[in-house]
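The following questions concern the sequence and structure shown below. Each answer ends on the value or name asked for.

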Amino acid sequence: MTIVEKIEIPPSEAIASVRYFPEAEDLEVTFQSRSIYLYYHVPPVIAEGFSDAESAGEYFHDNILDRYEFARLK
């Protein structure tokens, strides 16, 4: 059984939702455009940082983008 954690994020014009798969340390980001990306090997502390961020988009750009391998799922 795969454990999935939905991470609460602040309202964002760019990001619709964030889910985390702790067993694999994968982070799924769904954008408002409905594109979905999976980022690999994201440590839990980084994924959980979305909850405390003032801006989900800024947090993503500062802590995820260009730092982790990824695949576009949709």
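Q: In the hairpin of S3 and S4, which residue takes a positive phi?
A: The model is a predicted one. The hairpin of S3 and S4 has 4 residues between the strands. Among the residues of this hairpin, a positive phi near 80° belongs to Arg34.

Q: How many bridges join S3 to S4?
A: Strand S3 covers residues 26–31, and strand S4 covers residues 36–39. Leu27 stands opposite Tyr39 in S4, and Glu28 stands opposite Leu38 in S4. The two strands run antiparallel, and the number of bridges that join them is 4.

Q: In what pattern do helices and strands follow one another along the sequence?
A: The protein has 2 helices and 5 strands. Helix H1 spans 44–52, helix H2 spans 56–63, and strand S5 takes residues 70–72. Read along the sequence, the pattern is β-β-β-β-α-α-β.

Q: Is Thr30 buried or exposed?
A: Thr30 is found in strand S3. Leaving aside neighbours within four places in sequence, Thr30 is in contact with Ile15, Ala16, Ser17, Ser35 and Ile36. Buried means under 20% relative accessible area. The relative accessibility of Thr30 is 14%, so Thr30 counts as buried.

Q: How many residues of S3 are buried?
A: Asp26, Glu28 and Thr30 point one way from S3, and Leu27, Val29 and Phe31 point the other way. Residues on both sides are buried, as all of those named are. S3 is mostly covered, and its count of buried residues is 6 of 6.

Q: Which residue in S3 is the bridge partner of Tyr20?
A: Strand S2 covers residues 15–21. S2 and S3 run antiparallel and are joined by 6 bridges. In S3, the bridge partner of Tyr20 is Leu27.

Q: Which residue in the hairpin of S2 and S3 takes a positive phi?
A: This hairpin has 4 residues between the strands. The residue asked for is found in the loop between S2 and S3, and its phi is near 60°, a positive value in a residue other than glycine. It counts as partly exposed because its relative accessibility is 29%. The residue is Glu25.

Q: Which residues of S4 are buried on its two sides?
A: Both faces of strand S4 are covered. One side carries Ile36 and Leu38, and the other side carries two tyrosines. The buried residues are thus Ile36 and Leu38 on one side, and on the other Tyr37 and Tyr39.

Q: Which residue in S5 does Leu38 stand opposite?
A: S4 and strand S5 pair in the antiparallel sense. Their pairing extends over 3 bridges. Leu38 stands opposite a residue in S5, and that residue is Ala71.

Q: Is His41 buried or exposed?
A: His41 is found in the loop between S4 and helix H1. Phi of His41 is near 60°, a positive value in a residue other than glycine. Exposed means over 50% relative accessible area. With 57% relative accessibility, His41 therefore counts as exposed.

Q: What distance separates the C-alpha atoms of Leu65 and Ala53?
A: Leu65 lies in the loop between helix H2 and S5. At 30% relative accessibility, Leu65 counts as partly exposed. Leu65 and Ala53 are 12 residues apart along the chain, and their C-alpha atoms are separated by 15 Å.

Q: What radius of gyration does the protein have?
A: Along its principal axes, the C-alpha trace spans about 30 × 25 × 25 Å. A compact globule with 74 residues would have a radius of gyration near 11 Å. The protein agrees with this, as its radius of gyration is 11 Å.

Q: What share of the accessible surface do carbon and sulfur atoms supply?
A: Of the 74 residues of the protein, 42% count as buried. The protein exposes about 4900 Å². Of this area, the share supplied by carbon and sulfur atoms is 49%.

Q: How far apart do the centres of the positive and negative side chains lie?
A: The protein has 6 positive side chains and 14 negative ones. Each set has a centre, and the two centres lie apart by 11 Å.

Q: Among contacts between residues at least 6 apart in sequence, what percentage join residues at least 24 apart?
A: Contact means heavy atoms within 4.5 Å. Among contacts in the protein between residues at least 6 apart in sequence, the part that joins residues at least 24 apart is 37%.

How values were computed
Residues numbered from 1 in each chain as written. Predicted model: local features only at pLDDT ≥ 70, side-chain atom pairs only at ≥ 80, totals over all residues. Heavy atoms only, no water. Rg over C-alpha atoms; globule rule 2.2 N^0.38 Å. Buried < 20%, exposed > 50% of the residue type's maximum accessible area, 1.4 Å probe, protein only. Areas by Shrake-Rupley, 256 points an atom, 1.4 Å probe, with all protein chains shown as cover. Lys, Arg positive; Asp, Glu negative; His and termini not counted. Charge placed at Lys NZ, Arg CZ, Asp CG, Glu CD. Pairing = 2+ DSSP bridges.
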